[in-house]
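Student: I would like to go through the backbone and the chain contact of this model.

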Amino acid sequence: MKRLAWACSERWLRCVGAALACVLLLAAPARADDGAMTLTEGEFVLGDASAPPGDDAAWQRVALPDLWDDSRPGTLGYAWYRFRFSLPRQPDTPQAVFSTRMRTVAAIFVNGTQVGQTGLFGKPDELGASAQLFQIQPGLLKTGSNVLHVRLWVEPDHAGRLAKLQVGEWVALRQALDRERFKYDTTGEITFALALGMGAFGLSVWWRRRDQTMLGYFSLTALALACQIPVDSDWWPALSRHHVLAWQVMSTLRVAKFTFLVLYSLRFAGWCNPRVERLIGLAMVANLALLDLLVFEFDGVVDPAILYTVNYGTFALPGTAALVLILLSLRRAPLAETVPLLLAHVVSVAGSMAANINESTELLGGVQYLRLHMLPLLLVMGWIVSRRFGASLDAAERLNRELAGRIEAKRVELEANYRRVADLEAQQAVAVERARLMSDMHDGIGGQLISALGLVEAGAASHEQVAAALRECIDDLRLAIDSLEPADDDLLPVLGNLRYRLEPRLKARGIALEWQVGDLPRLECLTPGNVLQVLRILQEAFTNVLKHTHASVVHVATSTQAGGITIDVRDDGQGFDEHACAQGRGLANMRRRARTVGGDLTLTSSPAGTTLSLLLPTG
Amino acid sequence: MSTTTVTVVEDDAALLARFCSIVAQSPELSLLAAAGDIASARQALQGGAPDVLLTDLGLPDGSGIDLIRETSARHPATDIMVVTVFGDERHVVDSIAAGATGYILKDTPPEEFVGLILQLRAGGSPISPAIARQLLRRMRSAEAPAPDTTPAGAHGAARLLSARESEVLGLIAKGFNFAEIARLLAVSPHTITAHVKKIYQKLAVHSRGEAVYEATRMGLL
């Protein structure tokens with residue numbers, strides 16, 4: 001519990017730390033401008049002189065920042081600015097001129113000497129970086145009155161503008177330049193890298209998991225933002241020069257970004273309606289087309305207010321819609337997600353508005369972390385997506401575990417069932433076997449022992465008779481034991497074993513045994529019980545041969561027919577009358593046994609010998 | 001010609017007396033010792049190893065199988081015969097695996113009894129079809145533990161049993177006697193009995209190996 005609490009508080013601490021770092025970063029520009037003076041009041045004159053014009057030129061007062069679109073709309077070409085300032089004494093440290101924005105071709109002169117230039121006059125090419133620092137040669141600045149000239153060239157399709165200028169210690173202004181570059185370039189690069197990375201990663205995941213629509217919208221939002229940065233930051237001057245194209249690309253990307261943001265918010269709020277989503281996409285495209293149409297086809301015809309409204313509609317409307325959606329989902333979505341998303345959204349909208357204002361009055365300076373304003377939103381969006389993705393994975397895993405548990409339970413249950421069935425079967429088998437052995441004992445050895453006992457008790461039996469009776473008992477017991485050996489559906493070893501047992505006795509009587517067996521098909525009827533029946537039949541047959549027929553040879557032969565096999569036991573004895581009482585009973589017994597195993601017994605007896613045929617079914 | 005010395009181990013006094021008298025009355029045999037349990041049998045064997053050891057399996061102080069195993073290890077020249085009531089393959093095959101090379105039924109008539117001992121001494125081991133089948137099954141399963149190794153049956157059996165030995169066992173299992181098998185394979189009956197004894201010894205050697213393997217696996221060796 002304590003650990004968990006610590007983990008939670010640690011997490012919050014980390015969040016607070018990150019927020020503090022952001023605030024510090026934003027606060028950083030506040031402590032700029034040490035040891036520098038800002039030039040805001042100056043004079044302006046049009047003219048293409050290559051050297052600073054003298055006092056005879058038609059200088060007019062001007063205030064910086066100076067936006068030509070406002071102060072002299074439609075003006076193009078060369079112009080000069082002049083600023084006078086005084087220094088209490090000649091500086092002894094390196095000095096410089098610094099401009100936060102200088103995106104036109106310009107040259108800086110201090111006391112008549114050029115100290116720096118951006119771009120090339122007459123050549124619409126490099127516009128230079130956003131912020132510029134020009135070092136002033138030592139000794140150029142004097143005690144008392146100094147003058148700074150700026151030569152400007154405004155090429156067609158470009159807006160003439162001059163931002164505030166600062167003059168002061170090179171070291172301090174160098175830091176200001178670094179800050180400016182960080183604000184303008186590095187933040188853009190950070191946003192670009194993060195947005196591109198998140199977008200690409202999200203997209204690659206979405207590609208495989210199409211059902212993660214929210215992830216898809218997030219990725220597309222991030223990618224649209226990532227694409228905005230290079231266009232917005234003049235990474236490709238060639239594109240920036242094509243104002244119209246750049247503006248169109250920018251608008252399209254912005255519209256795309258906001259469209260995906262709205263779609264994301266819809267999903268976030270829990271409204272999944274693909275038709276509505278398609279409609280929103282169409283509406284945004286229509287909005288963009290309308291804006292294009294108004295700007296390029298009806299420029300000057302329509303009221304600028306309408307244009308402004310439509311332009312605003314491309315982002316203010318979806319931005320507001322997304323905000324409303326998030327607000328609406330305050331009740332439905334978890335607060336832990338809604339609140340950060342709401343805050344991030346507010347930051348992004350505010351930043352967006354500030355950026356829009358700033359875009360039109362770019363020279364005003366002020367908050368320049370424009371490219372960072374989308375980052376919190378992006379991060380929160382990504383966090384929510386990953387949170388929900390993780391939650392759905394957790395749910396799936398939980399479900400899997402549950403399922404596995406249920407399967408395991410079923411398996412255990414099945415196993416128990418199986419064991420129960422197997423136990424029952426085993427018990428059944430034991431019971432059946434016990435019944436068989438009981439009836440067998442009754443039939444066989446029990447009866448034999450009782451008759452032997454009768455003989456002994458009557459005192460009528462000779463020693464040999466008792467021995468013979470007991471031997472019969474043992475023989476029968478051995479048959480029973482032999483029958484317990486698994487036959488594996490093979491009759492030959494069963495026959496072989498009988499022969500092995502009986503042959504010494506036949507030999508003792510001088511009876512030869514001809515063994516004419518061949519391979520036999522499998523007999524499925526050879527259960528231990530049936531094996532015993534077959535053995536008893538054959539034993540009885542041999543006993544008959546031994547006792548009654550006076551034979552000299554016994555043939556045992558096997559043969560195979562359709563549906564069964566036949567075992568023939570043929571002797572060359574004198575034969576017997578099947579209807580004689582004792583033999584008749586034995587024969588009836590043998591037939592009964594044959595029927596029990598599903599077979600058939602035939603006996604032919606003549607004075608030339610007896611043949612007993614036992615037919616056993618293969619099926 | 002010297003007589004064959006016999007030591008008899010049997011816990012039933014009447015049977016022991018019967019066996020002893022059969023041995024004593026035979027001019028070809030001479031009784032070396034008689035014992036009623038394993039302990040006295042061990043003592044007797046320490047005094048001198050007989051040519052033939054006749055032993056029961058169910059003894060009051062242990063299983064005759066252990067006595068067979070010990071004797072076959074210590075006195076390889078001694079032929080061991082199990083005395084059994086039924087000659088059922090389970091008991092007999094276990095005894096063979098322990099080192100016995102013959103078995104004899106308890107109710108065997110005296111003259112046959114002596115004949116079987118002498119036959120064993122001459123290298124002829126008795127075998128019933130059921131025992132032959134049990135041996136075939138046992139050795140094949142020992143050789144081919146994995147049924148999916150392609151020609152498992154025939155190929156595996158060839159490793160432990162030679163092709164001829166397998167053939168002989170197969171014919172015995174079908175009920176043919178030694179004379180018939182000798183005729184079928186065109187060899188002398190004596191060769192067949194020698195085969196049988198060889199097979200018995202192989203099973204015993206294999207079982208010992210198996211026992212060592214099992215012991216190693218269990219960490220006893």
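The turns below cover a predicted model, taking the contact between chains and then some backbone angles.

Student: How many residues does chain B bring to the contact with chain A, and which element gives the largest share of that side?
Tutor: Chain A supplies 15 residues to the contact and chain B supplies 14. On the side of chain B, the largest share is three residues, and these come from helix H6 (residues 129-143) of chain B.

Student: How do the residues on that side of chain B divide into nonpolar, polar and charged?
Tutor: The side in question is the one of chain B that touches chain A. Its residues split into three polar, five nonpolar and six charged.

Student: Which peptide bond is cis, the one from Leu64(A) to Pro65(A), and what is its omega?
Tutor: Most peptide bonds are trans. Pro65(A) lies in the loop between strand E3 (60-63) and strand E4 (66-67) of chain A. The bond from Leu64(A) to Pro65(A) is cis, its omega being near -5°.

Student: Is Asn111(A) buried, exposed or partly exposed, and why?
Tutor: Asn111(A) sits in the loop between strand E7 (105-110) and strand E8 (113-118) of chain A, and its phi is positive, near 50°. Because Asn111(A) has 17 C-beta neighbours inside 10 Å, the residue counts as partly exposed.

Student: Is Ala186(B) buried or exposed, and why?
Tutor: Ala186(B) is in the loop between helix H9 (178-185) and helix H10 (189-217) of chain B. Its phi is positive, about 55°, although Ala186(B) is not a glycine. The cut-off for this class is 12 or fewer neighbours. Ala186(B) has 7 C-beta neighbours inside 10 Å, so the residue counts as exposed.

Terms used
Residues numbered from 1 in each chain as written. Chains lettered and ligands numbered in written order. Predicted model: local features only at pLDDT ≥ 70, side-chain atom pairs only at ≥ 80, totals over all residues. Contact = placed C-beta atoms within 7 Å. Helix = DSSP H or I, 4+ residues; strand = E, 2+ residues; numbered from the N terminus. Nonpolar A, V, L, I, M, F, W, Y, C, P; charged D, E, K, R; others polar. Buried ≥ 20, exposed ≤ 12 C-beta atoms within 10 Å, placed from the backbone.
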